[in-house]
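Biologist: I am new to this one, and I would love a friendly tour. Could you put it on the screen so that we can talk it through?

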Amino acid sequence: QVQLVESGGGLVQPGGSLRLSCAASGFTFSNYVIVWVRQAPGKGLERVSGISSDGGVTSYEDAVKGRFTTSRDNSKNTVYLQMNSLKPEDTAVYYCARYEAGRFAYDYWGQGTQVTVSS
């Protein structure tokens, strides 16, 4: 079965860094765009970043551009989100999701990992 598992979240001080991982299984990982989406307390879902199936193209929302970097290692079926210069407003549950282009949908999601930025 398709599975996505996020890890690497935790508590970090403002200005600090975290690296999130998204480990995938149950599908041909190298065929899919993978996105990161976050949900801050009391707020809706916000798309954070996306990465093409081969890692050649990345995209970022303005709020994280220049601070976050997404990458992937298809040999390990893993996508990463390197988060630098973290701000309190980055506090959220972070999810990775598979983008199914044929359905125009994020069809599978991980369970999420909590990132808390606080002094």
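**Rings, a disulfide and a sheet**

Modeller: Happy to! Keep in mind that this is a predicted model. A good place to start is Phe-27, which counts as buried at 14% relative accessibility.

Biologist: How many aromatic pairs are there, and which kind of pair do Phe-27 and Tyr-32 form?

Modeller: The count comes to 5 aromatic pairs. For Phe-27 and Tyr-32, the ring centres are 5.3 Å apart and the planes stand at 85°. Planes over 60 degrees apart fall in one class, so the pair of Phe-27 and Tyr-32 is edge-to-face.

Biologist: Is Tyr-32 buried or exposed?

Modeller: The relative accessible area of Tyr-32 is 18%. The cut-off is under 20%, so Tyr-32 is buried.

Biologist: Which residue lies over the face of Phe-27?

Modeller: Let me begin with another ring, Phe-29, which has Arg-72 over its face at 4.3 Å from the ring centre. For Phe-27, the distance to the ring centre is 4.9 Å, and the residue over the face is Arg-98.

Biologist: Which residues form one aromatic cluster?

Modeller: This cluster brings together tyrosines and a tryptophan. Its members are Tyr-95, Tyr-99, Tyr-106 and Trp-109.

Biologist: Which cysteines does the disulfide join, and how far apart in sequence are the parts that the pair ties together?

Modeller: The structure holds 1 disulfide, and it joins Cys-22 to Cys-96 with 2.0 Å from S to S. Cys-22 lies in strand β3 (residues 18–25) and Cys-96 in strand β9 (residues 92–100), so the parts tied together are apart in sequence by 74 residues.

Biologist: Is the link of Cys-22 and Cys-96 right-handed or left-handed, and are Cys-22 and Cys-96 buried or exposed?

Modeller: Cys-22 has a relative accessible area of 0%, which makes it buried, and Cys-96 is buried at 0% as well. The angle about the S-S bond is 75°, and the link is right-handed.

Biologist: In the sheet with the order β1-β3-β8-β7, which are the edge strands?

Modeller: Here 4 strands form an open sheet with antiparallel pairing. Neighbouring strands of this sheet are turned by 15° against each other on average, direction ignored. An edge strand pairs on one side only, and those strands are β1 (3–7) and β7 (68–73).

Biologist: Which residue in β3 stands opposite Leu-4?

Modeller: Strands of a sheet pair through backbone hydrogen bonds. Between β1 and β3 the pairing is antiparallel and runs over 5 bridges. Opposite Leu-4, the residue in β3 is Ala-24.

Key. Residues are numbered from 1 along each chain as its sequence is written. This is a predicted model: local features need pLDDT of at least 70, side-chain atom pairs count only at pLDDT 80 or more; totals for chains, interfaces and linings use all residues. Side-chain values use heavy atoms; hydrogens and water are left out. Rings of Phe, Tyr and Trp (its six-membered ring) pair if their centres lie within 6.5 Å; planes under 30 degrees apart count as stacked, over 60 as edge-to-face and the rest as tilted. Buried means under 20% relative accessible area, exposed over 50%, partly exposed in between (1.4 Å probe, protein chains only). A charge sits over a ring if NZ of Lys or CZ of Arg is within 6 Å of the ring centre and within 35 degrees of the ring normal. A disulfide is a pair of cysteine sulfur atoms within 2.5 Å. Helices (H or I, at least four residues) and strands (E, at least two) are DSSP runs, numbered from the N terminus. Two strands pair if DSSP finds at least two bridges between them. Axes are lines fitted to C-alpha atoms, for helices over the stretch in contact, and angles run from 0 to 180 degrees between N-to-C directions.
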